[in-house]
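Hi everyone, thanks for coming. I'd like to walk you through a structure today, so let me put it on the screen.

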Amino acid sequence: MDTPGTTRRQLLTAIGMMGGTAALYQAMTTMGHASETQYKGSPDLTGARAGASVLVLGAGLAGMVAAYELNKAGYKVRILEYQNRAGGRNWSLYGGDTYTELGGATQHVQFDQGHYLNPGPWRIPYHHRTLLHYCKAFGVALEPFIQFNHNAYVHNANAFGGKPVHYREAAADFEGNVAELLGKAIDQKALDAELTADDKDKLKEALRGWGMLDKDMKYKSNLLSSEHRGYDRPPGGGVNGEPIPSAVFDFKDVVASQVWKNMAFFMNHEMQTTMFQPVGGMGMIGKAFWKNVAPMITLNAKVTKIMQDKTGVTVTYNDTGSGAMTEAKADFCVCAIPLGVLNQIENNLSGAKKSAIAAVPYGNQVKIGLQMARRFWETDDFIYGGHSFTSQDIALVSYPNYHLFEDGPGVLLGAFANGPGAFRLAGMTPEQRIQAALDQGSVFHPGTYRKEFQNGASVAWSRVPWTMGCCARWNEEVRKTHYQTLVALEDRIVLAGEHASYVGCWMEGALLSSLDAITRLHKRALEA
Amino acid sequence: MTNIARTAFALLLLATPALAQAPQGGDSAGSSSTIAPVPVTGEQVYVQVCQGCHMADAKGGVGAGHIPALAKNPKLEEPGYPIGMIVQGRGAMPPLTDLLSPAQIAAVVTYVRTHFGNNYKTAVKEADVKAMLGQ
């Protein structure tokens, strides 16, 4: 820890002691820190009235964090959950698990012990402070998620004759060629209007260094470019220690490969390193929340009606085991049911609220886990974690970040499909999906992929019985019309979930939405 | 730098307006666009798009909510109903106009209206879909 850091921390500690958390947060923001999250710590729910009750609908992360915090604040809380488990989309499939999708297809997962598929969330950005806070608070062990791997592959059917290339090579060639072209534009005076002579010199120096250009500002097959893209013969020792450069690709292929999409992807704030995953599967987070709210949960409860009046909220639910219809009553309600499902539940919310609930479509992602007998991507290809990207329906193959270097099996993520590719895979039987994933993934590992395959499992989110979709897909127009209406407290009922956030499709969004919702609900409860 | 490379770079620059669109956010694969044969017939569109939710037998499914059955569905008698669903979406179902052309929509609506126990023989035309899209 360097001295300026310590000084700054001491200053912040002093501000914290004098002005409290809010002043500290303000000071940190002013100094350019803490601006990466809207998380402000535990919600202030002090002064709850004795006996005030809240019904929480849905035991996903949004519902459970609401229950946990409201209960801690003194509210009488009950959670109704449709499934026979809590956790919602925070979920891992392990060997021995059974999963039945809409339409009735049932899969018996056969992964070896300690291996898993995360059908939903699978990586956590370092700035998702709310989620990381609760992981720490609930004792969920985290490990690094290997997000960026230069040695994984990029495949595009329209580039390099359909053969995959290393991300490292394509990205280096993209940057090198762009640097060379920009240098040419400078020399041809195309940028004279924007740049002074001094600017031009500085930019050319930058382009040379960034793009690995030679002294003539050319990107060529030489030891310079090989420093980024790799060598034909890497540097070694002794007699043949001298490296042999690799040959740069045709720029037309590099552009056609769309490697720039992968490069831009890694620049997304939410995709930047460091990323994390729970040890033992993403579902560990849901299980930890569950443990902390377990006495409040009624499982196997299918909500069929949500009504509120001046005195409270009445929710009708169907016990999916016995078929019995029951009413649950409370003063207030946090509804964390996914919008596609909520849209089909009878309620007496306002017309505007109903329109908002109906306005947001859900994503159709498909994930497929494939257990391979040996970790050939590590032993044969020197790939340790990270993703190989493809223009095929599976979209990627992602390599496991745990049990590295072991002899035994590994479970690959054999697909993370979206859009048209996901529709095609979702429409298949689970067996057909595995075959498609093996066919397509073989492009990266032709000799081994099928040969080493042992078993697999898939989840098509459009067929998940309890969400009928992966997560809310807002666009700007729908946001403008409906977002504020959707998140607004409507008398005694407030909605929570990733769908009620600007961090959509992330666990962090579910938590931030819920903390905001219960803070407003608490204020309303005090006014009652 | 070759002429081809220059052309490729120019094409890349032309492509930037699409990048300027607001991103949807959320986790994604980060891959290039999917490259696959485009479904043409109504059956191909059904299998490659609709079946992912409505099932191979078009009977939908029931869980916490339900995916409506298209099989033996009297609402399909009025072709504007299924066209409207595909064009506008409803609830969790997204509008599919980014994915399907008017011709593909016409083909799949015609297919569904004449299969799965439905017997509405009047074919839906591309022009009908375009009319609903205001084209």
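I'll start with the contact between the chains and then turn to the domains of chain A. Please keep in mind that this is a predicted model.

So, how many residues does each chain bring to the contact? Chain A puts in 56 residues and chain B puts in 40. On the chain A side, several elements supply at least two residues each, among them helix H4 (167-187), helix H8 (259-267) and strand S21 (386-390). The most comes from H13(A), with six residues. By class, the side of chain A that touches chain B has 27 nonpolar, 19 polar and ten charged residues.

Let's stay with H13(A) for a moment. Its axis and that of helix H3 (residues 42-54) of chain B come within 7 Å, crossing at roughly 70 degrees. The two helices, H13(A) and H3(B), are therefore roughly perpendicular to each other, and their crossing is left-handed. Which residues meet there? From H13(A) we have Phe423(A), Arg424(A) and Ala426(A), facing Gln48(B), Val49(B) and Gly52(B) in H3(B). That contact is made of three nonpolar residues, two polar and one charged.

Now to chain A itself, which is divided into domain 1, domain 2 and domain 3. The C-alpha centres of domain 1 and domain 2 of chain A are 30 Å apart. Where they touch, twelve residues of domain 1 contact nine residues of domain 2. H17(A) gives the largest share of the domain 1 side, five residues. That side has nine nonpolar, one polar and two charged residues.

Thanks, and I'm happy to take questions!

Definitions and conventions. Residues numbered from 1 in each chain as written. Chains lettered and ligands numbered in written order. Predicted model: local features only at pLDDT ≥ 70, side-chain atom pairs only at ≥ 80, totals over all residues. Contact = placed C-beta atoms within 7 Å. Helix = DSSP H or I, 4+ residues; strand = E, 2+ residues; numbered from the N terminus. Nonpolar A, V, L, I, M, F, W, Y, C, P; charged D, E, K, R; others polar. Axes fitted to C-alpha atoms, helices over the stretch in contact; angles between N-to-C directions. Parallel < 35°, antiparallel > 145°, perpendicular 65-115°, else oblique. Left-handed = near helix turned anticlockwise from the far one by under 90°. Domains from an automatic or database assignment.
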